[in-house]
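Good morning, colleagues. I should like to take a few minutes to walk through one structure, beginning with its sheets and ending with the contact between its chains.

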Amino acid sequence: MISLEKVRQRAESDAKTYGYYLNPDPEFLNDLLEGLRKNEERYGYPSCPCRVATGNLELDRDIICPCDYRDPDVAEFGTCYCALYVRKDVVEGKTSLMPIPERRPLEKQARAYAVTAEKIAEKAAATTAKTEQPRSEVRKKLWYCRQCGYVVYREDPPYVCPICKAKREMFAEIAVRIDLAG
Amino acid sequence: MNVVKVAGKNNKHKVLVYALSTCAWCKMAKKFLKDNDIEYEYVDVDLCSQEDHEKIRNDIEKRGGHASFPTLIIDDKKLITGFRKDLIKEALEL
Ligand code: SF4
């Protein structure tokens, strides 16, 4: 079992690496860290405390903390969705903290729900005939940053390149071709 | 579904909070209601069964919201997404 202290250290070091700060309100921060700890215990990975996870890693990958949406959210609003990571001006009290809109695309949420619904339907139909239903799936691809060469195997390229900070538009898909005509 | 009722002197409005047990904004919303002595009910959606979770999501969407937490439903009709203190105060006439 992971300790709260470990979760805190991880968040602190991550904030440092990216030049962010953790929420200045100790109680608020503690609640979030405890939420992350609880989720890691529940699902095996620290999914976002302010979002509903499915427990299916492939479907939750984009909301594992730090989530895919943190960098663009901190850049635009000064805080991530949960207000765990904040910008310097927020810590200094120059910008006040407000709940921000959800950046996670609706399709990703809907897909998680569809899988849940499929599971429920399956349970209900377990005794009756099997129904053929289109399955939700996650298609991963290889992407590379055209600026620095960073490669990632994910459904979508990151909003910001974690290495050179290039924008998402800098990413291109790597086409893999196997030539059989030796 | 485990709906928890929190007593308060102010019961002018019917307040239902869809929350997550892990989310700090949800906790703040609950605390705000309690501090203002508002009677309210809440459901921690992450602790619900998948079936109940579906029901809650449908309920939120039916009212024009999207599954984001906390979501407050006031008097069965007004929906507030997120801990928007200003909107909550207005809806509860605080
Ligand atoms: S919104 Fe913040 S706390 Fe939630 S997963 Fe993203 S970075 Fe972590």
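**The sheet of chain A**

Let us begin with two strands of chain A: S3(A) and S4(A) run antiparallel and are joined by 4 bridges. Please keep in mind throughout that this is a predicted model. Within this pair, Lys141(A) has Arg154(A) of S4(A) standing opposite. The two strands form a hairpin with 5 residues between them, and there Gly149(A) adopts a positive phi near 95°.

Strand S3 of chain A, which covers residues 141-145, also pairs with S5(A), again in the antiparallel sense, here over 3 bridges. Two positions illustrate this pairing: Tyr144(A) faces Ala172(A) in S5(A), and Cys145(A) stands opposite Phe171(A) in S5(A).

How do the strands of chain A line up as a sheet? The sheet is open and has 3 strands in the order S4-S3-S5, with antiparallel pairing. Why do strand S4 (151-154) and strand S5 (171-173) of chain A each have one side without a neighbour in the sheet? They stand at the edges and each has a single partner strand, so one side of each is left free of a neighbour there. On average, neighbouring strands in this sheet are turned by 30° against each other, direction ignored.

As a general remark, side chains in a regular strand alternate between the two faces of the sheet.

**The sheet of chain B and its helices**

I now turn to chain B. Here an open sheet of 5 strands follows the order S1-S3-S2-S4-S5, and the pairing is mixed. Which strands form its edges? They are strand S1 (4-6) and strand S5 (78-81) of chain B, each of which pairs on one side only. The twist from one strand to the next averages 20°.

At one of these edges, strand S4 of chain B (residues 71-74) runs antiparallel to S5(B), and 4 bridges join the two. In this pair, Ile73(B) stands opposite Leu79(B) in S5(B).

Two helices accompany the sheet. Helix H1 of chain B, residues 24-35, packs on the sheet and touches S1, strand S2 (15-19), strand S3 (40-44) and S4 of chain B. The direction of helix H1 of chain B makes about 165° with that of S3(B). Helix H2 of chain B, residues 50-62, lies across S2, S3, S4 and S5 of chain B and runs at about 120° to S2(B).

**Where the two chains meet**

Finally, the contact between the chains. Interface size is often expressed as the accessible area lost when the parts come together. Between chain A and chain B, the buried area is about 2,100 Å², and carbon and sulfur atoms give 61% of that area. Chain A brings 25 residues to the contact and chain B brings 21 residues.

How many salt bridges are counted between chain A and chain B? The count is 2. In one of the salt bridges, Asp31(A) is joined to Lys27(B), with the closest N and O atoms 3.0 Å apart. In addition, 7 residue pairs are in polar contact between chain A and chain B.

On the side of chain A that touches chain B, the elements giving two or more residues are helix H2 (26-43) and helix H6 (106-125) of chain A. By kind, the residues on this side of chain A are 14 nonpolar, 4 polar and 7 charged.

Thank you for your attention.

Note on methods:
Residues numbered from 1 in each chain as written. Chains lettered and ligands numbered in written order. Predicted model: local features only at pLDDT ≥ 70, side-chain atom pairs only at ≥ 80, totals over all residues. Heavy atoms only, no water. Contact = heavy atoms within 4.5 Å. Buried area = accessible area lost by both parts, 1.4 Å probe. Salt bridge = Lys/Arg side-chain N within 4 Å of Asp/Glu carboxyl O. Polar contact = N/O pair within 3.5 Å; in protein donor to acceptor, adjacent residues only side chain to side chain. Nonpolar A, V, L, I, M, F, W, Y, C, P; charged D, E, K, R; others polar. Pairing = 2+ DSSP bridges. Axes fitted to C-alpha atoms, helices over the stretch in contact; angles between N-to-C directions.
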